Every structure is written in C-alpha cells, then in structure tokens.
Amino acid sequence: MLDWLQLTRSDNIGPRTFQSLLQRFGSATAALNALPRLIAKQSGARAIRLAVREDCERELDMLRRKGGQFLTLDDSAYPQALRAIDAPPPVIAVLGNLDVLARPMVAIVGSRNASVYGAKFATATAQELGEAGFVIASGLARGIDESAHRASLATGTVAVLAGGLDKIYPAENVPLAEAMCERGAVISEMPLAWVPRGRDFPRRNRIVSGLALGTVVVEAARRSGSLITARYANEQGREVFAVPGSPFDPRAEGTNDLLRQGATLCTRSADVIEALEPLMVTGPQRQGAQAASDEDAPDLFEAIAPRDGADETVSQQPLAPAFARSVVPQDFVERLRALLGPSPVSIDDLVRVTGRPVAEVQAAILELDLQGAIGRQGGNRITLMP
C-alpha cells in the first residue's frame with residue numbers, strides 16, 4: 001500500500017502515467033526503484049519529483065486514526081464501476097461503510113444555486129432511486145448535490161471530494177459528510193490535507209460519473225460544472241439523463257441543451273430505473289474495450305461541456321510482460337521524438353509508421369512523457385512539447 005501511495009503522490013504522476021509505469025515495470029515497488037534513472041533524464045515543468053516516503057507514512061497513519069482506509073485498484077473493495085473507466089484513480093481514501101461501494105450507483109448533480117423545483121425533484125428522485133436499490137453519488141456541493149445526499153442518507157449515498165478528507169468543501173456540509181458515513185461513504189483521490197482548487201473539481205466530477213451506472217443532471221447553466229460531469233459520463237459509456245426546465249430559467253439552459261444533444265429525458269425516477277435496472281447485475285463494461293469501437297464516434301457533449309485541458313491519454317493495449325521490464329533502446333526514443341511535432345499524432349499511427357510493437361512504442365512514449373517532452377491529447381494522441 002505504501003508504495004502505491006508514494007507513487008501516486010509524486011508530482012506529475014497522474015493516473016495514466018501511473019498505469020503506464022505499472023504496466024511497464026510490473027509493480028509499484030519496481031516502478032519506484034526504476035524512477036531515479038528515468039528522472040535523471042528529465043527537464044522542464046513536468047519533471048517528476050518523488051513524494052517523500054515519511055510524508056506518505058504519516059498520511060497513511062492519519063487516515064487510519066480517522067477510521068478510514070486507502071483502496072488501490074488491486075483491492076477487491078475498490079468500486080467496480082470506477083475501476084472500469086479509462087485511467088481510474090490508482091488510490092482512493094475512504095471514510096465510512098465500504099459495503100456501499102459494492103452496490104450499483106446513480107449520480108445526481110446540478111446547480112449550486114438550485115431552484116425550489118430543482119431541489120424538490122432531486123430530493124424525490126434520490127429517495128425513490130434509493131428505495132429501488134441504488135446508492136446516490138454526488139459531489140457534496142450546495143444545492144442539488146446536497147439535496148440528493150440528504151434524501152438518500154437512509155438508503156446509502158457517496159460523496160466525492162475535490163479536496164482531501166480533512167478539507168471538506170463547503171465547510172457547512174461537514175455535518176452532512178459525517179452523517180453519511182454510517183450507511184454511505186466519503187471518498188477522495190487527493191492527499192488528506194489538500195485544499196481544493198478550481199482545477200480539482202473536474203477531477204472530482206470524473207469520479208462521480210465513474211462510480212455510477214448513469215448520471216442525472218437536474219439543473220445546470222450553460223457553463224456549469226455539472227455539464228463536465230455529463231461529458232465524463234458520456235465518455236465513460238454511461239447513461240446521461242437530463243431533467244427539462246423552463247426556457248426562461250438560466251439554470252435549465254444546460255440541461256435543455258443536453259436533451260437536444262441526445263441525453264435521455266428524465267421527468268421521474270422510473271425513467272432512470274427502467275434504463276439502468278438491466279445493468280444492476282452486469283455492471284458497466286471496461287471502458288477500454290468500448291473506447292476502441294467508438295474512437296471515431298462524435299462526442300455529443302463536447303460543444304456544451306468543453307474539455308478542461310487536464311486530460312491525458314494512453315493506448316489501452318497492455319504492454320507485453322517480457323518487454324515491460326526491459327530498457328527501451330535510446331535510439332528508438334529519439335526516433336520517436338523526431339516523428340512528433342506540435343500537431344497531435346495518434347499512438348496507433350506511430351505504431352504503423354515505425355513498424356515496431358505496440359509495447360515498444362508505449363514504453364518509448366513513457367520515456368518521453370517522464371522527460372516532460374510530450375503533451376497528452378484526447379483520442380490517444382500526443383504532441384511534442386515546445
């Protein structure tokens with residue numbers, strides 16, 4: 001556990017880089033042992049800096065004292081639906097009842113400045129979905145999130161934080177977070193004392209949608225963060241439901257746009273139950289398999305929920321174990337660097353152009369990534385950093 005935590009807490013090792021390191025070296029321990037050699041070649045702002053081991057030990061001890069625990073992707077208690085998304089968080093901190101993470105979830109999100117109608121709809125929907133066997137997931141924000149959490153305290157609810165478990169935001173919802181730990185849970189991928197920043201909320205949103213079989217958007221303005229959650233749900237192959245609203249209410253502009261773009265109409269909880277009941281047994285498919293078949297499909301939600309710019313991508317094909325532990329020929333790393341430029345190039349195209357095995361191309365890309373030489377783009381594409 002400590003090796004996983006140290007690796008994920010290291011600067012500039014996000015979920016995708018973590019996944020690549022694990023694939024290449026076989027374990028977090030082996031990756032930590034290999035990183036000093038790779039770090040020596042680094043330059044630029046994206047240079048990796050290993051987390052201090054003692055800091056990770058303290059964080060582990062602090063969480064245990066709070067009655068929580070860390071879950072890694074290898075743990076059986078790690079949420080199955082979240083594990084199925086592209087680049088899931090390698091480690092999550094959990095306070096509360098772990099059993100709730102094994103049950104099927106529905107995310108309910110919406111405006112912080114909720115209307116009476118919106119709060120009433122979120123409350124009724126959360127209660128009825130809870131009675132139907134679903135756990136309610138949301139982001140603990142004011143407004144719609146808060147209404148959904150309160151309405152599902154008795155049946156099970158999960159809050160995902162943008163900050164650490166010691167920095168619950170907003171502070172006024174600390175009592176609510178404490179109350180939901182009896183039958184539900186509060187989770188975060190961030191360090192315990194992490195104060196949430198603006199760019200952390202999209203990261204939280206991808207976990208909210210990733211936990212759930214479907215996401216219900218109750219109210220959302222055109223630039224609402226709830227639309228980012230809807231986009232993530234769409235990319236993760238999950239159902240997106242939108243509640244219609246008055247064309248004269250700015251809080252309904254985003255949800256009405258979602259409906260125009262193909263989201264499922266939701267006017268009652270039965271709309272969600274009928275769509276998701278078949279998945280309560282089978283669960284979501286692993287996203288990598290679906291992403292391959294949908295690679296050229298248009299993103300229905302791209303226009304209304306632009307990317308936040310933090311996404312990074314890596315091919316989902318696993319590294320061959322024999323090559324994963326070998327050293328990448330430096331001449332091939334430099335050849336790959338020479339093939340790249342400011343225009344995004346797909347990893348599949350690099351495999352075709354070089355004629356080299358996927359595993360070798362991925363390993364060379366990892367070398368360049370750790371050197372801070374490339375940028376990750378959507379659609380499994382990379383660029384050469386200036």
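## Overall Organisation

Among the contacts in the protein with a separation of 6 or more, 74% are made by residues 24 or more positions apart. The model is predicted, and its secondary structure comes to 18 helices and 12 strands.

The protein has 386 residues, of which 54% count as buried. Its accessible surface comes to about 16,300 Å², and carbon and sulfur atoms account for 53% of that area.

## The N-terminal Helices

L2 has its place in helix α1. With a relative accessible area of 17%, L2 is buried, because the cut-off for that class is under 20%. Once its neighbours within four places in sequence are left aside, L2 is in contact with R53, C56, E57 and L60. For one of these partners, C56, the C-alpha to C-alpha distance from L2 is 6.9 Å, although the two residues are 54 apart in sequence.

Helix α2 spans residues 15-25, and 9 of its 11 residues are buried, so this helix is largely enclosed by the rest of the structure. The buried positions are P15, R16, T17, F18, Q19, S20, L21, R24 and F25. Just after α2, G26 takes a positive phi of about 95°.

## Aromatic Pairs

A pair of aromatic rings is described by the distance of the centres and the angle of the planes. The count for this model comes to 3 aromatic pairs. One of them is formed by W4 and F18, which are tilted, with 5.2 Å centre to centre and 45° between the planes. This pair links distant parts of the chain, since W4 belongs to helix α1 (residues 2-9) and F18 to helix α2, 14 residues apart. W4 counts as buried at 11% relative accessibility, and F18 is buried with a relative accessible area of 1%.

Y169 and F201 form another aromatic pair, which is edge-to-face, with 6.0 Å centre to centre and 70° between the planes. Y169 lies in the loop between β5 (157-160) and α8 (174-180), while F201 lies in helix α9 (residues 200-211), so the pair ties together parts that are 32 residues apart in sequence. Y169 counts as partly exposed at 42% relative accessibility, whereas F201 counts as buried at 18%.

## Arginine Residues over Aromatic Rings

F201 has a further partner in R112, which lies over the face of the F201 ring at 5.9 Å from the ring centre. In an arrangement of this kind elsewhere, R356 lies over the face of F332, at 4.2 Å from the ring centre.

## Parallel Strands and Their Crossovers

Strands of a sheet pair through backbone hydrogen bonds, either parallel or antiparallel. Strand β7 (residues 214-217) and strand β8 (residues 239-242) run parallel and are joined by 4 bridges. Within this pairing, G214 stands opposite E239 in β8. From β7 the chain passes through helix α10 (residues 225-235) to reach β8, and the resulting β-α-β crossover is right-handed.

β8 is also joined to strand β9 (residues 264-265) by 2 bridges, and these strands run parallel. The bridge partner of F241 in β9 is T264. Helix α11 (residues 253-260), together with β8 and β9, makes a right-handed β-α-β unit.

## The Antiparallel Sheet

An open sheet of 3 strands shows antiparallel pairing, in the order β10-β12-β11. Its edge strands are β10 (345-346) and β11 (374-377), each of which pairs on one side only.

The pairing of β11 with strand β12 (residues 381-384) is in the antiparallel sense and extends over 4 bridges. Within it, G375 has T383 in β12 as its bridge partner. In a regular strand the side chains alternate between the two faces of the sheet.

Note on methods. Residues are numbered from 1 along each chain as its sequence is written. This is a predicted model: local features need pLDDT of at least 70, side-chain atom pairs count only at pLDDT 80 or more; totals for chains, interfaces and linings use all residues. Side-chain values use heavy atoms; hydrogens and water are left out. Two strands pair if DSSP finds at least two bridges between them. A crossover is right-handed if, with the strands pointing away from the viewer, the path from the first strand over the helix to the second runs clockwise. Buried means under 20% relative accessible area, exposed over 50%, partly exposed in between (1.4 Å probe, protein chains only). Contact means heavy atoms within 4.5 Å. Accessible areas come from the Shrake-Rupley method with a 1.4 Å probe; for residues, only the protein chains shown count as cover. Rings of Phe, Tyr and Trp (its six-membered ring) pair if their centres lie within 6.5 Å; planes under 30 degrees apart count as stacked, over 60 as edge-to-face and the rest as tilted. A charge sits over a ring if NZ of Lys or CZ of Arg is within 6 Å of the ring centre and within 35 degrees of the ring normal.
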